[in-house]
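Student: Please take a close look at the aromatic rings in this model. Which rings pair, and how are the pairs arranged?

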Amino acid sequence: MSASSNDRQQQQLPPMNLTDAEWKAKLTPEQYRILRKKDTEYPGTGAYDKHFEEGVYKCSGCGQDLYDSSSKFNSHCGWPAFSSSLGTAVRRQKDADGHREEILCGNCDGHLGHVFEGEGLRDSNGKLVQQRHCMKLEGESLKIKKKKKQPKKTLPKNVFEIVGESGQIVERVDPKKKEKKADQIQDREPKPTFSERTKKRRRREWDAMNYESFDITRGRDFEKALQRVATRGIVQLFNTVRKQQQQQHRSSSKKEKKDTTINKGEFLDMLKTIDSDEVSCKIMKKNPSKIESTTTTATTPVRWNVLQDDLMASVQDNSDDDD
Ligand SMILES: [Zn+2]
């Protein structure tokens, strides 16, 4: 058999109409005996009976593809069995006795075996077999062409497969891709709803209303203003006291016997109505240190018979220190 015949496809093979002598010359004695003389072998003696490698079984006479290994099953009868042939690769004809149905190569009419139907046999998957093609492989009437093994797909590093109970791949896990997916999900955070947006806006407005940033210059100005008010009050107080003392002095010089005591209410009224000494205030604004000199030196002796509270005492202390 030439190499080119092996490569020929089932459909493309030209019919082989060789004479008996030509077949005898072409085939081995075993092949000739089975393929051309329809002989048989003892069961369980063939190489392919328990052979289940993946491949295609070909005709030894002409090289035509006949059966695929996927249709082969263990019939336990001692001969290789197939549930179906490849397309029109084989043809059938009744035996001379009329009982059995012979299977022949569709291309070269070589004898392959017999077909049996309705035996209730099951294949390796448990599927009921409608017909059994009982082949005579012992005489190498068939040849197997092993299927090319597909290279194992090598998985990238860190990628692993989750295999199910029946061996199938359930999931292929790539941690990097998972991380990416997770990032994408995080990026795609759901948009806030209308009510959420409203809540946020109201909170911002509320915060803006209540928020007062601490301004150090503003605090200093406020402190200065308070100092000014306090100083003005003290100056006013001193002037009032002085005025009162002057009145007392005048009345005593005129020898007018008048009650010189004044109650607190009258004094406070005087404070309210009296016009502050503008000159003193102006001096105070320009140079507060001169206040004491202008006020305390106005009259002597100073008698605090009217005001005796702590404030006055502290003011006097301060003035004494400055002197
Ligand atoms: Zn053939």
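Tutor: A residue counts as buried when its relative accessible area is under 20%. In this predicted model, Phe82 has a relative accessible area of 0%, so Phe82 is buried. Tyr57 is likewise at 0% and therefore buried.

The search over the whole structure returns 2 aromatic pairs. In one of them, the ring centres of Tyr57 and Phe82 are 5.1 Å apart and the planes meet at 70 degrees; because planes over 60 degrees apart count as edge-to-face, the pair is edge-to-face. This pair joins distant parts of the chain: Tyr57 belongs to strand S1 (residues 55-59) and Phe82 to strand S4 (residues 81-82), with the two positions 25 residues apart in numbering.

Phe82 also pairs with Tyr67, and here the arrangement is stacked, with 4.4 Å from centre to centre and 20 degrees between the planes. Tyr67 sits in strand S2 (residues 65-68) and Phe82 in strand S4, so the contact again links distant parts of the chain, 15 residues apart. Tyr67 has a relative accessible area of 0% and is therefore buried.

Taken together, Tyr57, Tyr67 and Phe82 make up one aromatic cluster.

A further ring contact involves a charge: Lys72 is placed over the face of Phe52, 4.3 Å from the ring centre.

How values were computed
Residues are numbered from 1 along each chain as its sequence is written. This is a predicted model: local features need pLDDT of at least 70, side-chain atom pairs count only at pLDDT 80 or more; totals for chains, interfaces and linings use all residues. Side-chain values use heavy atoms; hydrogens and water are left out. Rings of Phe, Tyr and Trp (its six-membered ring) pair if their centres lie within 6.5 Å; planes under 30 degrees apart count as stacked, over 60 as edge-to-face and the rest as tilted. Helices (H or I, at least four residues) and strands (E, at least two) are DSSP runs, numbered from the N terminus. Buried means under 20% relative accessible area, exposed over 50%, partly exposed in between (1.4 Å probe, protein chains only). A charge sits over a ring if NZ of Lys or CZ of Arg is within 6 Å of the ring centre and within 35 degrees of the ring normal.
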